[in-house]
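Student: I have a structure open and would like to go through a few parts of it. Can we take it piece by piece?

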Amino acid sequence: MSRGLLANKVILVTGASSGIGAAAAKVFSREGAVVVLTARREDRLVALGDELRDAGAEASCVVGDMSVAADAGRAVDLAVAEYGRLDGAFNNAGIGGDRTPLHLMADDVYDTIMDVNVRGIWNCLRHEIAAMLPRGGGAIVNNSSVAGLVAIPAAAPYVASKHAVIGLTRAAADEYAKQGIRVNAVAPGTTRSEITVDWFARNPGMEQLTNSLTPQGRAAEPQEIAEAAAWLLSDRCPFLTGTVLPVDGGFVNH
Ligand SMILES: NC(=O)c1ccc[n+]([C@@H]2O[C@H](COP(=O)([O-])OP(=O)(O)OC[C@H]3O[C@@H](n4cnc5c(N)ncnc54)[C@H](O)[C@@H]3O)[C@@H](O)[C@H]2O)c1
């Protein structure tokens, strides 16, 4: 028997190959969870799975694109086949896209972002809920963004997609509350994942600007988002469902 906030829970993490997802895989494992990891980049996924197993955790990996319903289904099926159940899921996979004024955006940007950020969550929710219902419940955390709560400039489809994630979170929470499934969302502020660090590097002054808009004056580390998701997935907050937890150093409150 493992110990910790998520002891012996079987938890799926999507987009686990880097950033917040990789941090979540580590935090959830540290807290005693059995983790099922999925992402598109096989080499990084395998390396992370090996790292966790070397540290004594139980971890399985499955390559998949969450915008494809069958891939989301395979990830959930793997959890059920290997461990007999799915107790929780962190639907984290998502893309940002370049910052461009709305009227200059290419036609396909909308579909690309919506496919991953909204259809991806939709695909995961359907399969995860179907797996949780026969066991009488579970907990799901969707990764939205502060851009799901307020507008950020030159990112209209991203802002729309992250608002939609909150809509899906609330709808699913409402629909399955009586069946013991809790569905919540985290709304991270700027977080120092690879894409953000790369974006800061390509746009001089952007990091300072972002920090100046955040009362705590800095970006989050991926682990700080993962810790909040771990708590929402745990049994410590049984009466919490349909909520959105900003993890943003005070950004949306500013
Ligand atoms: N970094 C930030 O500042 C920030 C802020 C708010 C919200 N978020 C959200 O956090 C989540 C994780 O982002 P991150 O910052 O860790 O970036 P990241 O690029 O490091 O991680 C994104 C992960 O999602 C995976 N992914 C992308 N598309 C996928 C798909 N179709 N199927 C499966 N996996 C896919 C990537 O391979 C990667 O593992 C995203 O949903 C992002 O929108 C990030």
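Tutor: We can go through a helix pair, a strand and a few single residues. Keep in mind that this is a predicted model.

Student: Helices, then. At what angle do α1 and α2 pack?

Tutor: Helix α1 covers residues 19–30 and helix α2 covers residues 42–54; they pack at an angle of about 20°, and their axes are 11 Å apart. That angle makes α1 roughly parallel to α2, because angles under 35 degrees count as roughly parallel.

Student: And is the crossing of α1 and α2 left-handed or right-handed?

Tutor: The crossing of α1 and α2 is right-handed.

Student: Which residues make the contact?

Tutor: From α1, the contact uses A22, A25, K26 and S29; from α2, it uses L48, E51 and L52. Sorted by class, the α1 contact with α2 has four nonpolar residues, one polar residue and two charged residues.

Student: Switching to strands. How many residues of β2 are buried?

Tutor: Six of the six residues in β2, which spans 34–39, are buried, so the strand is largely enclosed by the rest of the structure.

Student: Which residues sit on each side of β2?

Tutor: V34, V36 and T38 are on one side, with V35, L37 and A39 on the other. They are all buried, and both faces of the strand are covered.

Student: What about pairing, is β1 with β2 parallel or antiparallel?

Tutor: Strand β1, residues 10–14, pairs with β2 in the parallel sense over five bridges. The bridge partner of I11 in β2 is V35.

Student: Different topic. Where is T214?

Tutor: T214 is in the loop between α7 (206–212) and α8 (222–233).

Student: In that loop, is T214 buried or exposed?

Tutor: T214 is buried, with a relative accessible area of 8%; the cut-off for buried is under 20%. Leaving out residues up to four places away in sequence, T214 touches D248, G249 and F251.

Student: Last thing, backbone angles. What is phi for N8?

Tutor: Phi of N8 is near 65°, a positive value in a residue other than glycine. Most residues other than glycine have a negative phi. N8 lies in the segment before β1 and is partly exposed, with a relative accessible area of 25%.

Student: And what about phi of A154?

Tutor: A154 is not a glycine either, and has a positive phi of about 60°. A154 is in the loop between β5 (138–143) and α5 (156–176). With 30% relative accessibility, A154 counts as partly exposed.

Methods: Residues are numbered from 1 along each chain as its sequence is written. This is a predicted model: local features need pLDDT of at least 70, side-chain atom pairs count only at pLDDT 80 or more; totals for chains, interfaces and linings use all residues. Side-chain values use heavy atoms; hydrogens and water are left out. Axes are lines fitted to C-alpha atoms, for helices over the stretch in contact, and angles run from 0 to 180 degrees between N-to-C directions. Helices (H or I, at least four residues) and strands (E, at least two) are DSSP runs, numbered from the N terminus. Angles under 35 degrees count as roughly parallel, over 145 as roughly antiparallel, 65 to 115 as roughly perpendicular and the rest as oblique. A crossing is left-handed if the near helix is turned anticlockwise from the far one by less than a right angle, and right-handed if clockwise. Contact means heavy atoms within 4.5 Å. Ala, Val, Leu, Ile, Met, Phe, Trp, Tyr, Cys and Pro count as nonpolar, Asp, Glu, Lys and Arg as charged, and the others, Gly among them, as polar. Buried means under 20% relative accessible area, exposed over 50%, partly exposed in between (1.4 Å probe, protein chains only). Two strands pair if DSSP finds at least two bridges between them.
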